[in-house]
Structure formats: structure tokens, C-alpha cells
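Work through the exercises below with the structure in view. Try each task before reading its solution.

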Amino acid sequence: MASLSSYLFSTLSKVGSIGGSGIPDFHYTIGDKIEAFAGKSIWDAYHSTRTNDAKQEATVFVLVKARGSSYTAVAQNTLKRMRTLRHPGILRYLEGAETAEAVYIATESVMPLTQALDTDKSEELKRWGLYKIAETMRFINEDCKLIHANLSAVSVFVTKAGEWKLGGLELVDSQAPAATPGGGGSSSSQQQQTYRYYTGVIPGYSARMAPELESQKWDAVEKAKPGAVDGWYLACLVCEVYNGALRSASQLQSQGQIPAPLWSLCQRLLMTDLRRRMSPSEFLQIASRRGGFLDSEFIKASIFLENIAVKEEDEKAAFFSGLDSLIPGFPQAFSKYKILPELLKLMEFGGGDAKVLSGIIQIGKGLDEQEYNDLVTPAIVQLFGSNDRALRFSLLEYMDSFIQATPSAVVSKRVFPNFVAGFLDAAPAIREATVKASLAIAPKLGQKTLNSDLVKQLVRLVADPEPGIRTNALICIGKLCTAKEGVLDLDGGGVTESSHRYVICPALLQALRDPFPPVRSASLAVSTACASKWEAPEIARRVIPSLSSLLIDSEKPVRTAALKCLNAMVSRVEAYSHTLPDTMAKKTVAPTAANSSATVASGSAQAEAAASMAASDTWGGWAVSSLSSTFSGALSLASSSLPIGQQQPLSPSIVAEASAPRKSKAAASAISPKPVVADTARSGGDRWEFNDNAWGDDDPVGDGWNDNDDEDGWSSHEAPTKSPTAATIAATTATSLPSYTLSPGPKSGRMKMSSAQQLTFQATAVPAGPFVSSTPKTSLKLTGSTSSSNRKQATGEPSTTAATTAPRRKGLGAMKLGGGGASKNVPLPNLDDFF
């Protein structure tokens, strides 16, 4: 015995060099021995891997020839049958070799059934296993005309998926002996079957030997129906599965833990009469009937997946529609290694749809990270490149179920480029699903990709034609901007301040004017949540004015959200205002001797404006004062065209009047009465009259501010007045005033007056004929507009007649200021800036 052990050790040492020069044409490396299988078979089983691919696992069975010629004959018969018999239910053969020392058989990676039953006691797996073994035995008995004669728990192996595979082909041989060529058919000339002479080498075989083999009734065996002999061994397998290992034949008569429906079938399998004994094929047929032991949803689903390639489309649709409800009841190992590969294969070759993807994702939830990356991730990444909209919609819908287990590098390089295409899809459902899936994929993206690609795509959809997409886009933007750690973990801090200010804020302001109320509400909610990220000056200039109109929105939810947002924005501005200085005014520069005289005049005007503003509580007083200051500056600017150090001389009357305090219109009339033409249209006491002196200026210096009062549109509410006739104006002008004739210039459009003062006026349009003007009162004169006859009559000044057909500009915008040598166009202020 010691010498046999030494020889076995030396032989197995040589086996360790598999794939090298030790064993030719055998490319598997032997690993650890499977101790649970030791002593139960003529073989020793070892975990192994392929020599050039360590990830491809296998199981290697080794038999040392030194054990005897009978063992060698049985091992050689096993190697022969493993090479020739191929069936999904038979242990898959990978490679085999025979040397002078041993026989080697490499198969798929499996474990003994006896070991699997100790770790997994799932009732569904037992039923499915018995179904598969019975189906495989039918193939051997009826299709191959063979007898297995060694079916037991030792000859059955289990894969990672929990499927049972038939092994133990040591005694497999034909049911009827084959006649030798030229023989007469006598028993002496017939080939001897293996199961007749080598049952003694199988450990524990006597406890389960069939009665006809034990009594050597070979004629009855040859004449029996196919599978009758193996029916006995199928019953032995059932007893071992439920009651444990067989040590004597008497244990077959005890039901033990065997279910009642199955026990009734076992009794028919254990009949001693071969003619009445049930075969594995009959067992399978009866047990699979409605209400039978093998009638279960798990077995039906497994059978359908195995034959899905030949199923019709309507059958596939019906099956996958209910698969989600079945998967939770399946064993985890079976779902992982059996159902999942079938579904992935179906998706890879284009035979699956969204429902298949749902099953894949549901099974993937039970996988660890490594298994998920090995089994599910490659298939899903490949599916993102599909053009099938239904499949892409399912991928987007289940994005949060599988994206978290996908590495960030894979998402950025292989998933996101195809994902972004959904924002531009013509189908609204795809665009909306892409928007919703953005929150799931965002944590897997880098900060640059998040801000430069994802955020900009979402902002672009704020203007989408579909209102629902606009609303969801705003909600997603808000969640990205307010992402919290533990809820939505974004890489590198999430949305940057630059993206919020220059990309998101304009989109939110645009959405405030959206006609769809939920869009306005969503924009307000996002603006409120992001109030701390808005710039306070931006809030004051753009946000608050936009919110004002929403306070009276027709929808109550919008009004409520607008008020909440406004309060948040005002609080933000209030906090900012506390950081500002009390005033931004600059110190006043002391006047120089060169401009002292101008300072005196402007100082009086500013003092009067300040007094008027202080005395008035209305907006009109403030606005007029502001205009007075502005026009005062404009006049100073117009006078600045003289050479440096020189000022245009002013008449003593102008300086005196500018320095003197202003008088009311009534007082001025009392001191210097002027002829007034009666206006009966304004005599009514109940009429509103326009006060020419409301601007605080009686035109004492003839600056032309009152020349346009009837044409500037302010007296639109007055009753129409009667204008003097042309004859009256011409007669008055000819008798009382010296006239000056203006002629149009050749190129510049100007008109020159032959006067000692040589004043130049800029005309807005070239007159069609001679133009007559009155003698100017001061050195400053308004040009381009004809004085109103009504105002001239009211103030006692002579009227001016102009024969022209060119259109006249009305209002303050028609006035041009001229002074010094060259005329200046001084821009007038916009009233909107003051109100």
C-alpha cells in the first residue's frame, strides 16, 4: 500500500506540469483536490484552470492506471463516452489525454452533487435538477440506445448556475450487444457490455444495483423497453437527494423526506418487473403534467430560456412581460449564472427588447461590484450604441439601477458620448427620459464634463418646444446646483460659479416669462434655492424687476412662489447693501478765476433747483430739477468751444438777471407788462391749463426754452387756440421789426444771417424759400424750429414767419444749442432715465 501511495504521488507530481512537456496535448493546470469527492468514485477530482487563461476554470478527473486493469478499462470507457456523447445535460467535455501512468479528463467547472446539497437546499433547484437528469437519461436510452447503469448522487455534478449535469459514464454501454462481423449471433461471438463485468470497481455500487443486473438476467435486459434498467437508478437518485446516501437496498423502500407526489412515482420506478417498471422518459412525461411534481413556473421559465431561439415573437413578448415577477423567486445562483447569460446573449444578437433589459437589471441588483463589472457592464455599455429607440428609452429609464456600479472612467468614455445624443433626439419621450436620467449619470462625470456638456445641454432644453421637458430641465438644473453630499455627490464641487452666473442665470430669467405656469413655478423655485449664488447687483437690476410682474400672475402657485423668491432676493440684496459705504460722492473742486463768472450763474441755478426740490414732495419737482441740472451742464459744454482761457462775453442784462432771484410769472408781468392776446378758449375756470412757467423758467434771457411749448405735446389736453393769419403776422413784422434774411449754405445746410453779431444757426432741414427771423434777444439762439405764434402773442414778442414746406420736429428733441464760433449738437437727456 505504501508503494502504491508513493507511485500515485509521483504520478500526480508529473500531472502538475500539464500544459508543458509532461502531458502532450493537455492544456490545463491542476490545482487543489476536491476532498468532498474523494473515495466516492474511481476518479480523483481537482480544481484547475487553462494554462494560457487563468480565468477559464475547469475540473480535471484523474485515474492512475496503477490501481489495476479493471480501473483502467473503466476509465478508458469513460473517456470514450465523454468524447462521443454531447448533450446540454451531460457534463461538458473540454479535453482529455491518456499516458502510460494515468487518464485525464477536463470538464467544465463543477462540484459534486453531494457537496451542493449540503450548501443549497432549494426545492426549486432539486426539481429542476431531476427534470434535467430525466431528460438526459431519455436522450441516452431512447436516442442513443444506451444504458447508463450508474446513475446516483455521485455521478451527478452541479455547475455554478445550480444546474445538474450527468457524469459517471464508466458503465455506459449499449442495451443489446453488437454482433461481430461474420458472426452467427451466438452469445460466444458477441461483444461483452461494460456494465456486465465492471460494476465491482464502482464504490458503493452494491447498495443500488438493479435486480436484473444483480441476478444477471441479461436476456431480460436486452428485451426490456429502453430506459427500464435506468428507471431503477433514477429512483435511487431521488432517494439520495431527499434522504441522503444509500448504504443498503432496504433504504429504497422508505419514503423519508420524499414529497408525496414524487414518492408515488418512485414506487413505479422501483418495480422489479422490467415490463411494468417506469422509464425515465415516462417519469418525465407524467411528472410534467398540470399539477405534477415538475409543473412549476421556475421549470417553465428555464425551459423557455433554453429554447428561446425557436420561439415566436408573441411568445417571447408574453414571457418577458412576466419575467420580472418571477425573478425574485428564482435561486440567486441560478439567476446569476443561468438566466442572466441567456438574457445577455439575447440582447447581444438583437433578439431582446426593453423587457429583457429590465430582467437583466433586476438580476444585476443582486451581484457584487466585481461580478457586475464582469457580467453586466460590458453588455450594457454596448447597448448604449444601439439605434433602437425602445431600447434606448429603457436604458435611460433604468439608468439609476446600473450606472452606480459602472466605473466612472467607463461612463465618461463610452456611455456619456452616446447618452448626450438623447438631448438632440427628435422624439420628445427620449429627450425627457434623457433629462431625468441626467441626475443619475451626473455623479459619474468629472467637473469639466458636468459644466461644459451636461449643464449646457440642460439649459438648451429650457427653450424646448415641449413644456414638460422645459419644466423637468429646470428641476434637474436646480438639483444639480443645490446638490448635497450624501444625496447627490458630484465630482469636484459640482456646478461652478461661472456656469451658474453666465449659463444658468440667464436661462432662469428667460423661464420667468414662459407661458406655461409650471415652468414659471419651477424657475422661481430654482431661483429661490439658488438665491445665495446670485450676484446682489444682478438681483437688483434684473431679477427683482422680473419678479414684480409675477406677483400678480394669474396662477396662484406662481404668485406664491414669486413672493417667496422675492423675499429671498431682497434679503440677499439687503445683506449686500450693508457692506457698501454710506456715500460714493466725490469732493467738490474749488472754482478757478477763469470760470468764476460761469460758476456764479450755474451756482444760482443749482441753488434754485435744490430749493425747488426740497420744497416739492412730488416726483415732478425732482425730475424737473434733474433736468435743469443736466441742461445747465449742456449749456456750459456748448460754451466750451472757445479757445482755452477765453469765454464768450455775456451781456450785462443776462448776468444781472441770472444773478437775481427768480420771480414768479405774475410778478414779472406786473413789473414789465407785455401785450397779451386774449384767448377765449382758456377763459373757462373748469379747464386744465398748461403753465408755461412750470419748468421754473420765464425765459428771461431768450434762450429759446419757451419757443416750443405749443409744439412739444405737453398741451395736448388744452382746447385748440386761434392762430393769427399770415397777413396779420406779415403786416406786424413789416412795420415794427427790422428783418434779417437767411440764405441756405451750399453744402453744410446752414443758413447765414447778415447781422453784426454774425450768428450761425444749424437747421434741421433746408427751407424751401426765404426765411425771416426776429432780432435775437441774446447771444444764444435756437434754430431749426419756428416759434409758436400763440406763445409770442402771450409774451408780447413779435411773431416770426417762415415759408417752408419741410416737416418740423416737435418737442425737446428738436432744439439745438449754438454758441461761440461753431455750432454744437448737445444731446438731450432721456426722460426715462429719471423716471
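Helix axes here are lines fitted to C-alpha atoms over the stretch in contact, and angles run from 0 to 180 degrees between N-to-C directions. The model is predicted.

**Exercise 1. Describe how helix H22 and helix H24 pack.**

Step 1. Locate the helices. H22 covers residues 447–460, and H24 covers residues 497–511.

Step 2. Read the geometry. Their axes are 10 Å apart, at an angle of about 15°.

Step 3. Classify the angle. Angles under 35 degrees count as roughly parallel. H22 is therefore roughly parallel to H24.

Step 4. List the contact residues. H22 contributes Asn-451, Val-455, Lys-456 and Val-459. H24 contributes Ser-499, Val-503, Ile-504 and Ala-507.

Step 5. Sort them by class. The contact of H22 with H24 has 5 nonpolar, 2 polar and 1 charged residues.

Step 6. Add the handedness. The crossing of H22 and H24 is left-handed.

**Exercise 2. Do the same for helix H23 and helix H25.**

Step 1. Locate them. H23 spans residues 467–481, and H25 spans residues 517–529.

Step 2. Read the geometry. The axes come within 9 Å and cross at roughly 5°.

Step 3. Apply the cut-off of 35 degrees again. H23 and H25 are therefore roughly parallel to each other.

Step 4. List the contact residues. On H23 they are Pro-467, Arg-470, Thr-471, Leu-474, Ile-475 and Gly-478. On H25 they are Pro-518, Val-519, Ala-522, Ser-523 and Val-526.

Step 5. Sort them. The contact of H23 with H25 divides into 7 nonpolar, 3 polar and 1 charged.

**Exercise 3. Is Leu-480 buried or exposed?**

Step 1. Place the residue. Leu-480 lies in helix H23.

Step 2. Check its cover. The relative accessible area of Leu-480 is 4%. Buried means under 20%, so Leu-480 is buried.

Step 3. Find its partners. Set aside neighbours within four places in sequence. Leu-480 then contacts Leu-439, Ala-442, Leu-454, Leu-458, Leu-488, Leu-490 and Val-495.

Step 4. Take one C-alpha distance. Ser-438 is 42 residues from Leu-480 along the chain, yet their C-alpha atoms are separated by 9.3 Å.

**Exercise 4. Summarise the whole protein chain.**

Step 1. Count the elements. There are 33 helices and 14 strands.

Step 2. Look at burial. Of the 835 residues, 42% are buried.

Step 3. Look at the surface. The accessible surface comes to about 43,000 Å², and 54% of that belongs to carbon and sulfur atoms.

Step 4. Look at contact range. Take contacts with a separation of 6 or more. Residues 24 or more positions apart account for 65% of them.

Definitions and conventions
Residues are numbered from 1 along each chain as its sequence is written. This is a predicted model: local features need pLDDT of at least 70, side-chain atom pairs count only at pLDDT 80 or more; totals for chains, interfaces and linings use all residues. Side-chain values use heavy atoms; hydrogens and water are left out. Helices (H or I, at least four residues) and strands (E, at least two) are DSSP runs, numbered from the N terminus. Buried means under 20% relative accessible area, exposed over 50%, partly exposed in between (1.4 Å probe, protein chains only). Contact means heavy atoms within 4.5 Å. Accessible areas come from the Shrake-Rupley method with a 1.4 Å probe; for residues, only the protein chains shown count as cover. Angles under 35 degrees count as roughly parallel, over 145 as roughly antiparallel, 65 to 115 as roughly perpendicular and the rest as oblique. Ala, Val, Leu, Ile, Met, Phe, Trp, Tyr, Cys and Pro count as nonpolar, Asp, Glu, Lys and Arg as charged, and the others, Gly among them, as polar. A crossing is left-handed if the near helix is turned anticlockwise from the far one by less than a right angle, and right-handed if clockwise.
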